[in-house]
Amino acid sequence: AAEAAAQQAKRSAAYQAEALTAAEAHARTCEASLRELAAELAASKQTSEEQLASERMASRANQAEAARQLDEVKNALSEAKEVIRSEKQVGAALAAREREMRLQAEVLTAERVQQQQQVDQQLGTA
């Protein structure tokens, strides 16, 4: 009877050792999966941050271009006003005035575009 109990204890110990080995293998597999997921998350976060930085740079470049175009249009408007002041002939003055009105409309449009880009940029960074 004692030997049967000893055999039973040996089998139980072997079974427990086998179960422990399987549990350790499963734990190693889980740890490896967690490391892979952490690496994927880090890569995804990096990609998102790079994309956001790229979008911000593009937005700033667009805003700078709109400001440059606005300055050009304002300069052209100033030149048109100067032409009106200096022109003596009525026909030439009328043509310059017409150009001034067109340029004023362009200034308004450029200002609206610049304002919209600023709003878009602010919404994009919020």
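Glu72 is partly exposed, with a relative accessible area of 45%. In this predicted model, the Glu72 side chain forms a salt bridge with Arg68, and the closest N and O atoms of the pair are 2.1 Å apart. Why can these two residues meet? Glu72 and Arg68 are 4 residues apart in helix α1, so about one helical turn separates them.

Arg68 has a second partner. A salt bridge also joins Arg68 to Glu65, with the closest N and O atoms at 2.4 Å. Here the spacing is 3 residues within helix α1, which covers residues 2-86, so Glu65 and Arg68 are again separated by about one helical turn. Together, Glu65, Arg68 and Glu72 are linked in a network of salt bridges. Arg68 counts as partly exposed because its relative accessibility is 38%, and Glu65 falls into the partly exposed class at 31%.

Another salt bridge lies in helix α2, which runs over residues 90-125 and holds both Arg102 and Glu98. The closest N and O atoms of Arg102 and Glu98 are 3.6 Å apart. This pair is 4 residues apart in the helix, so about one helical turn lies between Arg102 and Glu98. Are these residues buried or exposed? Glu98 is exposed, because its relative accessible area of 53% is over the 50% cut-off. Arg102, at 46%, is partly exposed.

The table sets out these three pairs.

| Salt bridge | Closest N and O atoms | Spacing in sequence |
|---|---|---|
| Glu65 and Arg68 | 2.4 Å | 3 residues, helix α1 |
| Glu72 and Arg68 | 2.1 Å | 4 residues, helix α1 |
| Arg102 and Glu98 | 3.6 Å | 4 residues, helix α2 |

How many salt bridges does a search of the whole structure find? The search gives 4. The wider charge pattern can be described too. The protein chain carries 16 positive and 20 negative charges, and the mean positions of the two sets are 4 Å apart.

The next topic is the overall form of the chain. Its secondary structure consists of 2 helices and 0 strands. The C-alpha trace spans about 130 × 15 × 15 Å along its principal axes. For 126 residues, a compact globule would have a radius of gyration near 14 Å, whereas the protein chain has 38 Å.

A pair of residues in the chain gives a further view of these distances. Ala23 and Glu79 are 56 residues apart in sequence, and their C-alpha atoms are 84 Å apart in space. Ala23 is found in helix α1. With a relative accessible area of 42%, Ala23 is partly exposed.

What share of the 126 residues counts as buried? The figure is 12%. The protein chain exposes about 9,900 Å², and carbon and sulfur atoms supply 56% of this area.

Contacts can also be sorted by how far apart the residues lie in sequence. Among contacts between residues at least 6 apart in sequence, 63% join residues at least 24 apart.

Note on methods: Residues numbered from 1 in each chain as written. Predicted model: local features only at pLDDT ≥ 70, side-chain atom pairs only at ≥ 80, totals over all residues. Heavy atoms only, no water. Rg over C-alpha atoms; globule rule 2.2 N^0.38 Å. Buried < 20%, exposed > 50% of the residue type's maximum accessible area, 1.4 Å probe, protein only. Contact = heavy atoms within 4.5 Å. Areas by Shrake-Rupley, 256 points an atom, 1.4 Å probe, with all protein chains shown as cover. Lys, Arg positive; Asp, Glu negative; His and termini not counted. Charge placed at Lys NZ, Arg CZ, Asp CG, Glu CD.
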